[in-house]
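Hi everyone, thanks for coming. Grab a seat, and let's look at today's structure together.

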Amino acid sequence: LRPAITILLLTLMLARPCIAQQAEISGKLMLDTTWRREVFVCLIPDFNQMYTASDALLIGRTAIDTAGNFMLRFDAHKGPALYRLHIIKNGDPVSTLIIGGRDENQVFFISDTAGKTEINHLTVNGPFSRCVVTGSAAVGELQHFFTVMRQGDSQHGKEGREWIKNRLIAIADSSSSQLVSLLAISYTFGLDASQKAKVGSVVQRLDHKNPYGVNIFEQYPQSHTGIIALVAALVLSGACAIVGIRFYKKRAVAKLFGSLSQRELTIIKLIADGRSNKEIASELSVELSTVKTHVNNIYAKLNVKGRKDILAYKEMFKKHGI
Amino acid sequence: MKKILILAALIICSAVLHAQTTGDSERTKSFSFRDSTLDQKMYFTVKEGTPVIKFRCNVTLSKGRLNFFVTDPEGKKYGNFNLDKGSKGEFSDSEDKPIPGKWMLSLKITNATGNLSYEVKMDDN
């Protein structure tokens, strides 16, 4: 029985990361009879699909009870993701979006793995015209973004447009949620050079693997200053290493030559001139065996195997006047 | 020769007038489509001092895909929404003191069947 339990436990431990974490959305919505008593939750994979009505985005639905309460658990996306909760009117298809106006039927929220979000309706003047969404810090920052966007609607003319642009940049800069930063950047438009530079510096701080930022990262590519500095440092250290190796090699060779006697240096010069041992013996008026002994000593001291190897030390010959 | 020139001028004038009239009427449209594909961009000019511009679009789609949006001369998007088969969309928005210049309404329908009505209304006070 014990091995069976061990196998079971091991299987459970291995399977644990594969089991999707559940996130939760709950709240209270006071709706009139025109609305169906059901909420629908969609995962928004990118900002271009925030206002996409499609059954393919739907990840969960649940009924609203007679008191207006609802609670839905759904498989959480790995990492923070953008979700949309919407309701529909009686007789409408499940994927119905009402954008703008009193009957706007959707609200957005961010949920992390096992995140809990709550939506509470404050007024009967439209389903989401005044509702409070609470949850993680990212949820709060997302609500702030939409509040600013609503405030932007009451800002008119050129000054109003500059106001909203600068507020969006400020949100992107100050938000602790990368998703909210990216969302704010995605809503910017007609930026001047200084505003673009500010956005660019914010983008540099963001994780360029965040799927919500694909279009933004194309627009503001990652700065290569760091990579250039790294390559320069590598080239410089490589050059230093080559110079250092050459220096130590020369010093080592000079040391070797220093160990040679005057007679051996004379013989090296003659070898370099292409003379044979016999010719060297005749020129120096010594026995052939003596020349051979000197040549063998030279080979040993310079750690070479033959006459050709000795010629490799040409530069050193010059230094020693050979 | 004179007659030919006058005739040509008349033809050109009538063509220009027709295009302008069509441009105005295109701002309000209601139609049904069946297995249709359409990629239409319509441009309209907002004059300096226009107090408000209003947009409205209602769509029901039983098949295919649809994308609708309006952009101002600075590239700000209004109502960028997509509909998939079996869905419905209602969009309304307005902009006070809209930026003057060339605005664009983009409508893209892909292998779609459904009904669409849209309106772009400017109060020229």
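I'll start with chain A, then go to the interface with chain B, and finish with the salt bridges.

One thing before we dig in: this is a predicted model.

Okay, chain A. It has 322 residues, and 40% of them count as buried. In terms of secondary structure, chain A holds twelve helices and ten strands. Now take the contacts in chain A with a separation of 6 or more: 63% of those come from residues 24 or more positions apart.

Let's zoom in on one helix, α4 of chain A, residues 178-186. How many of its nine residues are buried? Seven of the nine, so α4(A) is largely enclosed by the rest of the structure. If you want to find them on your screen, the buried ones are L179(A), V180(A), S181(A), L182(A), L183(A), A184(A) and I185(A). And what covers them? The cover includes two strands, β6 (81-86) and β8 (106-111), along with the helices α2 (137-153), α3, α5 (193-205) and α6 (214-219), again in chain A.

While we're here, have a look at N210(A), which sits in the loop between α5 and α6 of chain A. Is N210(A) buried or exposed? Its relative accessibility is 14%, and the cut-off for buried is under 20%, so N210(A) counts as buried. Its side chain reaches the backbone nitrogen of Y212(A) at 3.0 Å. If we leave aside neighbours within four places in sequence, N210(A) is in contact with Q178(A), L182(A) and F217(A). And L182(A) should ring a bell, as one of the buried residues of α4(A).

Right, on to where the two chains meet. On the chain A side, 20 residues are in contact with 21 residues of chain B. Together the chains bury about 1700 Å², with 42% of that on carbon and sulfur atoms. Which three residues of chain A supply the most area here? They're I99(A), H156(A) and R161(A), which supply 30% of what chain A buries against chain B.

There's plenty of polar pairing too: 17 residue pairs are in polar contact between chain A and chain B, counting pairs with both residues at pLDDT 80 or more. On the chain A side, β3 (52-53), β7 (95-99) and α3 (157-174) each supply at least two residues. Of the elements in chain A, β7(A) gives the most, with five residues. Sorted by class, that side of chain A has seven nonpolar, ten polar and three charged residues.

So what is β7(A) doing there? It pairs with a strand of the other chain: five bridges join β7(A) to β4 of chain B, residues 87-96, and the two run parallel. For a landmark, find I98(A), which stands opposite E90(B) in β4(B). Within chain B, β4(B) also pairs with β2, residues 52-71, this time in the antiparallel sense over ten bridges. There, L61(B) has S87(B) as its bridge partner.

Last topic: salt bridges. Side chains of opposite charge can pair when their charged atoms come close. Over all chains the count is 21, and five salt bridges are between chain A and chain B.

One that crosses is K88(B) with D92(A), at 2.7 Å from N to O. K88(B) is buried, at 19% relative accessible area. K88(B) also forms a salt bridge with E90(B), where the closest N and O atoms are 3.9 Å apart. E90(B) counts as partly exposed, at 23%.

Another pair is E74(B) and K165(A), with the closest N and O atoms 3.2 Å apart. This one crosses between chains as well, from the loop between β2 and β3 (77-83) of chain B to helix α3 of chain A. Compare the two ends: E74(B) is partly exposed, at 28% relative accessible area, while K165(A) is buried, at 1%.

For a pair within chain A, look at R275(A) and E283(A), whose closest N and O atoms are 2.0 Å apart. R275(A) is partly exposed, at 27% relative accessibility, and E283(A) is partly exposed too, at 44%.

That's my tour, so go ahead and spin the model around!

Note on methods
Residues numbered from 1 in each chain as written. Chains lettered and ligands numbered in written order. Predicted model: local features only at pLDDT ≥ 70, side-chain atom pairs only at ≥ 80, totals over all residues. Heavy atoms only, no water. Contact = heavy atoms within 4.5 Å. Buried area = accessible area lost by both parts, 1.4 Å probe. Salt bridge = Lys/Arg side-chain N within 4 Å of Asp/Glu carboxyl O. Polar contact = N/O pair within 3.5 Å; in protein donor to acceptor, adjacent residues only side chain to side chain. Helix = DSSP H or I, 4+ residues; strand = E, 2+ residues; numbered from the N terminus. Nonpolar A, V, L, I, M, F, W, Y, C, P; charged D, E, K, R; others polar. Pairing = 2+ DSSP bridges. Buried < 20%, exposed > 50% of the residue type's maximum accessible area, 1.4 Å probe, protein only.
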